[in-house]
Amino acid sequence: MKTRTRIPIAKPLITDEEKRRVLEVLESGRLVAGAQVRAFEEAFAGYLGVKFAAATSSGTTALQVALEALEIKPGDAIVTTPFTFVATSNAILHAGARPVFVDVDDRTFNLDPNQVEDAVRRERARAILCVHLYGLPADLGAFSDIAARHGVLLVEDCAQAHGAAIGGRKAGTIGHIGIFSFYPTKNMTTGEGGMVVTAREDVAHRAAVLVNVGQNGSEEYVYERIGYNYRLTEMAAAMGLAQLERLEQRNASRRRNAEQMTAAFAGLPWLLPPVEPAGYHHVYNQYTVRVPADREAFIRHLAARGVGSRVYYPQLIPHSPAYRNLGYGGSFPVAEQLTKQVLSLPVHPALSNEDVAWIIESVRQFPHRDRA
Ligand SMILES: Cc1ncc(COP(=O)(O)O)c(C=O)c1O
């Protein structure tokens with residue numbers, strides 16, 4: 001068997017120019033709350049085409065700030081997905097609100113609009129918190145309609161979806177508020193970092209105040225709210241600015257890699273490649289296939305060929321011990337099946353053409369028992 005150096009599931013790309021820009025900040029002596037953070041917020045808002053952006057220390061803190069800025073109250077029901085990273089629903093609990101989990105769509109793995117609407121009605125929900133999983137936008141058209149029909153808020157968790165869009169409208173700009181993460185596995189990174197975006201000035205103001213220990217920005221040591229220190233550093237913002245400049249190009253590279261894999265996997269009867277519905281712009285934070293049987297053997301086969309892979313996510317959030325202890329649980333047949341069948345393969349822009357070819361060859365060589 002041929003061997004190769006390991007192909008990791010994710011790899012942040014940091015250019016020399018980015019290193020130089022971070023070094024410049026370090027040498028400037030201004031490490032927090034300066035021109036870089038302001039410029040990054042403006043550039044990010046400009047890129048999305050949204051009015052306001054507030055930088056935060058992570059996607060997790062961005063979610064917490066977003067819900068508080070929307071004035072989500074203790075006891076409010078928020079409809080969300082069980083098939084996501086834990087930060088999504090933790091933010092609901094941290095706000096004192098109540099996550100209402102509903103099942104996902106079998107093809108897109110994102111929230112199923114029909115079940116969302118039933119839950120909104122049944123639970124008299126205050127908000128919908130949707131996740132654009134793996135970089136594929138959730139059905140924002142349906143969720144905006146549901147939100148308008150029932151007078152509820154729409155929150156977009158775009159932690160995995162920088163630049164994703166439907167009909168040219170970018171994820172994060174359609175709901176009442178959107179959040180992003182800049183963790184190293186994301187489509188752009190600042191190490192740790194996040195962003196809250198919104199078109200509403202009052203919400204944007206509250207978010208900025210909450211991030212900055214409750215100060216309103218113009219007067220130091222005058223506290224408008226009980227806030228947090230969730231600020232992004234100047235070094236991280238300098239990195240973010242540089243990463244944002246390359247985002248489109250790197251997303252295009254992710255899409256090219258994904259397109260090649262999907263074309264090559266089309267004839268495999270034992271594997272389902274990811275879908276991209278018409279009009280949707282998937283940014284492939286993850287390239288996630290579905291393997292209805294033999295997933296563990298498939299993972300071992302790939303590992304033996306140096307191809308990294310990962311299961312996002314092996315357990316539903318309401319079934320985790322922390323949530324079970326709070327009385328959560330429930331049955332989510334589609335999402336439960338996904339936890340047993342999904343597997344993410346490397347798709348990131350650091351892959352060479354040879355890497356992509358090797359991943360394809362390795363997948364196709366798997367001696368699956370349902371092989372045609
Ligand atoms: C869907 C989702 N929401 C929220 C987060 C939290 O972001 P962070 O890791 O920056 O706190 C992540 C990422 O890790 C995520 O994937």
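1. Start with the largest pocket of this predicted model. Its lining is made up of 26 residues, and if you want to find the middle, look for Glu41, Ala208, Asn212, Asn216 and Gly217, which lie nearest the centre. Three elements each put two or more residues into that lining: helix 2 (35-48), strand 1 (52-56) and helix 7 (201-211).

2. Which helix gives the most to the lining of the largest pocket? That would be helix 7, with six residues. The space in this pocket comes to about 750 Å³. Sorted by class, the lining holds 14 nonpolar residues, along with six polar and six charged ones.

3. Now for the second largest pocket, with about 520 Å³ of space. Here 29 residues form the lining, and Phe85, Gln160, Tyr183, Lys186 and Tyr313 are the ones nearest the centre. By class, the lining of this second largest pocket splits into 12 nonpolar, 13 polar and four charged residues.

4. Where does the lining of the second largest pocket come from? At least two residues each are supplied by helix 3 (59-69), helix 4 (87-94) and strand 8 (177-181). Helix 3 gives the most, with three residues. On the domain level, both domain 1 (16-103 + 110-242) and domain 2 (247-364) contribute at least three residues each to the lining of this pocket.

5. On to the packing. The largest nonpolar core counts 44 residues, and Phe83, Phe265, Tyr287, Phe298 and Val363 have the most contacts inside it. Several elements supply at least two residues each: helix 8 (234-265), helix 9 (295-304), helix 11 (333-341) and helix 12 (353-364), plus strand 11 (287-290) and strand 12 (342-345). Helix 12 gives the most to this core, with five residues. Just as with the second largest pocket, both domains take part: this core draws at least three residues from domain 1 and at least three from domain 2.

6. Phe265 is a good residue to click on if you want to see this core up close. What does Phe265 touch, not counting residues up to four places away in sequence? The list is Leu271, Pro273, Tyr287, Leu345, Ile360 and Val363. Two of these partners, Tyr287 and Val363, also appear among the residues with the most contacts inside the largest core.

7. One last thing to look for: apart from the largest core there is another one, of 27 residues. Its members include Val65, Leu70, Ala87 and Val155.

How values were computed: Residues are numbered from 1 along each chain as its sequence is written. This is a predicted model: local features need pLDDT of at least 70, side-chain atom pairs count only at pLDDT 80 or more; totals for chains, interfaces and linings use all residues. Side-chain values use heavy atoms; hydrogens and water are left out. On a 1 Å grid over the protein atoms alone, a cavity is a set of points where a 1.4 Å probe fits but cannot get out, and a pocket is an open set with protein on both sides within 12 Å along at least five of seven lines; lining residues have an atom within 4 Å of a point. Grid points are joined across faces, edges and corners, and a volume is the space filled by probe spheres set on the points. Helices (H or I, at least four residues) and strands (E, at least two) are DSSP runs, numbered from the N terminus. Ala, Val, Leu, Ile, Met, Phe, Trp, Tyr, Cys and Pro count as nonpolar, Asp, Glu, Lys and Arg as charged, and the others, Gly among them, as polar. Domain bounds come from an automatic or database domain assignment. A nonpolar core is a set of buried Ala, Val, Leu, Ile, Met, Phe, Trp, Tyr and Cys residues joined through side-chain atoms within 4.5 Å. Buried means under 20% relative accessible area, exposed over 50%, partly exposed in between (1.4 Å probe, protein chains only). Contact means heavy atoms within 4.5 Å.
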